[in-house]
Amino acid sequence: MSEPNTAVAGGTGNGSADVPALHLKNLVKHYATRRGTVRSVDGVDLTIRKGEILGLVGESGSGKSTLGKLAVALAEPTSGSVVIDGTDVSRLSGRELRRRRKSFNIVFQDPGSSLNPRMTVGEAVAEPLRIHRIVERRGEARKVAEILDTVGLRPEIADRYVHMLSGGQRQRVSLARALAPEPTLLVADEPTSALDVSVQASVLNLIADLQHDLGFACLFISHDLAAVEYLADRVAVMYLGRVVEVADAESLFTRPLHPYSEILLKAAPLPDPDAQRTRERIVLGGDLPSPLNPPAGCRFHPRCPIAVDRCRTEEPELREIVRPGGATSSFACHLVDDQGVRPPLIADMPSG
Ligand code: SF4
């Protein structure tokens, strides 16, 4: 078993202002398959402060979505705990967990799959209000209209069915449903990636406005680095079931410390074609190794352009440093020193 992957920032005290919105403690999720054990999440310790947006990035298969499901108790951890607003929800019984679900929720990439096609929009938004007894029946229609207005939808849409809506409208309904019980934590798992490019920005702006107005904490999972840079206060980078770097968004996007973070950023397309043509280009070589059998030592070493012998045998722990200016960063790399300096990456990557 791997050692815990520790990336704690934010308070951990019992006073409510200091209690994080979410604290994942040495969280592990392994799946038994016929081919062996898939180590989807393999010892993650991560904190989201109240009212903070934490972006979570990494390639497909890095464990981001599994982590998101664990964070809202839609998957049971193999070990470790999920503490939401001071309560370990991974230890709650079914009834108590259902009661607590009011305070945390998730929206998925495909709103169509999470909305019941037999319900009208009004019924879909009213359902969580009824389950959590938030409003009496006679005040329900007015409350639904208020919530729809909050997500930028007109009240008439309450009578329509999901299949009658555009993708952007469906995602707004998902957000309305998720936020109806006024949760303190929202997990947004690739909430814009199934939408037309033309509506992605409006949904991102909506999430930013809602978070600002309602003050919930948010785990924003995305492969869209521009979206993460726009929305997130801090960013965690995941690689093969582990968190390899956590930093405030500005530090991460201007000077990533972990080689994987830097390569991810440099591989992302730029919106300006001229800048894209002239930029320094580093391509991530090879595929993500199988989580059935992660590499020994640093999991990134087979693809890392600056790996040394130590990287092949010794797994780096997350270490925290204070950057010039006072921001803290955590990273798991043997070659980053206590001043946040490491050898530069070379342009030629291993091909496979
Ligand atoms: Fe690369 Fe070694 Fe750092 Fe891993 S520990 S990221 S292999 S330099």
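**Exercise 1. The ligand site**

Which residues are the closest to the ligand, and how many residues surround the ligand? Describe the shell and the space in this predicted model.

*Solution.*
Step 1. Count the shell. The ligand is surrounded by 13 residues.
Step 2. Pick out the closest. These are Cys-298, Cys-304, Cys-311, Cys-333 and His-334.
Step 3. Sort the shell by character. It holds 10 nonpolar residues, 3 polar ones and no charged ones. Cysteine is counted as nonpolar here.
Step 4. Place the ligand among the cavities. The space it takes is the second largest cavity.

**Exercise 2. Cys-311**

Take one of the closest residues, Cys-311. Is Cys-311 buried or exposed? In which helix does it lie?

*Solution.*
Step 1. Locate the residue. Cys-311 is part of helix 12, residues 309-313.
Step 2. Check accessibility. The relative accessibility of Cys-311 is 8%, so it counts as buried. The cut-off is under 20%.
Step 3. Relate it to His-301. Cys-311 and His-301 are 10 residues apart in sequence. Their C-alpha atoms are 6.1 Å apart in space.

**Exercise 3. Strand 9 and its neighbours**

How many residues of strand 9 are buried? Which strands pair with strand 9, and in what sense?

*Solution.*
Step 1. Test burial. Strand 9 spans residues 217-221, and 5 of the 5 are buried. The strand is therefore largely enclosed by the rest of the structure.
Step 2. Split the side chains by direction. In a regular strand, side chains alternate between the two faces of the sheet. Ala-217, Leu-219 and Ile-221 point one way from strand 9. Cys-218 and Phe-220 point the other way. Both sets are buried.
Step 3. Find the first pairing. Strand 4, residues 53-57, runs parallel to strand 9, with 4 bridges between them. Leu-56 stands opposite Ile-221.
Step 4. Find the second pairing. Strand 8, residues 185-189, is also parallel to strand 9, joined by 5 bridges. Here Ala-188 has Phe-220 as its bridge partner.
Step 5. Trace the connection. From strand 8 the chain passes through helix 7, residues 197-214, to strand 9. This β-α-β crossover is right-handed.

**Exercise 4. Positive phi in two loops**

What is the phi of Ala-73, and what is that of Glu-190? Where does each residue lie?

*Solution.*
Step 1. Recall the background. Most residues other than glycine have a negative phi.
Step 2. Read Ala-73. Its phi is positive, near 55°. Ala-73 comes just after helix 1, in the loop that leads to strand 5 (79-84). At 17% relative accessibility, Ala-73 is buried.
Step 3. Look at the helix before it. In helix 1, residues 64-71, 6 of the 8 residues are buried, so the helix is largely enclosed by the rest of the structure. The buried residues are Lys-64, Thr-66, Leu-67, Gly-68, Leu-70 and Ala-71.
Step 4. Read Glu-190. Its phi is positive too, about 50°. Glu-190 sits in the loop between strand 8 and helix 7. Its relative accessibility is 10%, so Glu-190 counts as buried.

**Exercise 5. Lys-25**

Where is Lys-25 found? How many Å separate its C-alpha atom from that of Pro-191?

*Solution.*
Step 1. Locate the residue. Lys-25 belongs to strand 2, residues 22-33.
Step 2. Check accessibility. Lys-25 has a relative accessible area of 37%, so it is partly exposed.
Step 3. Compare sequence and space. Lys-25 and Pro-191 are 166 residues apart along the chain. Their C-alpha atoms are separated by 25 Å.

Key:
Residues are numbered from 1 along each chain as its sequence is written. This is a predicted model: local features need pLDDT of at least 70, side-chain atom pairs count only at pLDDT 80 or more; totals for chains, interfaces and linings use all residues. Side-chain values use heavy atoms; hydrogens and water are left out. A residue is near a molecule or strand if one of its heavy atoms lies within 4 Å of it. On a 1 Å grid over the protein atoms alone, a cavity is a set of points where a 1.4 Å probe fits but cannot get out, and a pocket is an open set with protein on both sides within 12 Å along at least five of seven lines; lining residues have an atom within 4 Å of a point. A molecule sits in a cavity or pocket if more than half of its atoms lie within 2 Å of its grid points. Buried means under 20% relative accessible area, exposed over 50%, partly exposed in between (1.4 Å probe, protein chains only). Two strands pair if DSSP finds at least two bridges between them. A crossover is right-handed if, with the strands pointing away from the viewer, the path from the first strand over the helix to the second runs clockwise.
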